[in-house]
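Biologist: I would love a close look at one strand and its surroundings in this model. Could you walk me through that part slowly?

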Amino acid sequence: SSPVFANGLIYVSTLLDEDGFIFVFDQDGNVKWKVNYGKEYNDSYNGARSSVVVAGDLMYMYTGYGELVCMDASNGDKKWTKKAFEDFDGENIRWGVTETVVVNGDLVYITPGGKKNNVVALNRFNGDLVWSSAGK
């Protein structure tokens, strides 16, 4: 994962034990706060694979296990979650999900990788499915 600069802060995703965390630093490198966003991939080559995405007052993290977590970018409070493999019939790949989500306008895009829902667009404010594109 890579650091993300937004809202005058620096956001970094990482793995501590079996849980994923986002650390938030001020521009002088001081930790302002951190949040546990849930279990992170540790089956092989463990560690956070995705970079956190900050869009306005919300941030999004997509775990190696296919869980998309939407949080308040100012304090880490969880707003909603989606489990791509359960909610959208997706499949994990050998090394875990390694993508960073895309936010465009009111949508957030992920690729669950399933035959029915290969790529999905969700309402970024509540996680509701807006559209889906089937795979082969």
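Modeller: Happy to; here is a tour of strand E3, with its partners and the core around it.

A word on the basis: this is a predicted model, where local features need pLDDT of at least 70 and side-chain atom pairs count only at pLDDT 80 or more, while totals for chains, interfaces and linings use all residues. Residues are numbered from 1 along each chain as its sequence is written, and side-chain values use heavy atoms, with hydrogens and water left out.

Strand E3 covers residues 19–25; strands here are DSSP runs (E, at least two residues), numbered from the N terminus. Five of the seven residues of E3 are buried, so the strand is largely enclosed by the rest of the structure. Buried means under 20% relative accessible area, exposed over 50%, and partly exposed in between (1.4 Å probe, protein chains only).

Let's take the partners in turn. E2 (9–16) runs antiparallel to E3, and the two are paired over seven bridges; strands count as paired if DSSP finds at least two bridges between them. Two residues separate E2 and E3 in their hairpin, and Asp17 in that turn has a positive phi of about 60°. E4 (31–39) is also antiparallel to E3, joined by seven bridges. The hairpin of E3 and E4 has five residues between the strands, and there Gly29 takes a positive phi near 90°.

Ile22 ties these pairings together nicely. Ser13 stands opposite Ile22 in E3, and in E4 the bridge partner of Ile22 is Val35. Leaving aside neighbours within four places in sequence, Ile22 is in contact (heavy atoms within 4.5 Å) with residues including Tyr11, Val12, Trp33, Tyr37, Val52, Met59, Met61 and Met71.

Where does Ile22 fit in the wider packing? Along with Tyr11, Val52, Val54, Met59, Met61 and Met71, Ile22 touches the most other members of the largest nonpolar core, which has 17 residues. Such a core is a set of buried Ala, Val, Leu, Ile, Met, Phe, Trp, Tyr and Cys residues joined through side-chain atoms within 4.5 Å. E1, E2, E3, E4, E6 and E7 each supply at least two residues of this core, and E4 gives the most, with three. Apart from it lies another core, of 16 residues, among them Cys70, Phe88, Val120 and Leu122.

Definitions and conventions
Helices (H or I, at least four residues) and strands (E, at least two) are DSSP runs, numbered from the N terminus.
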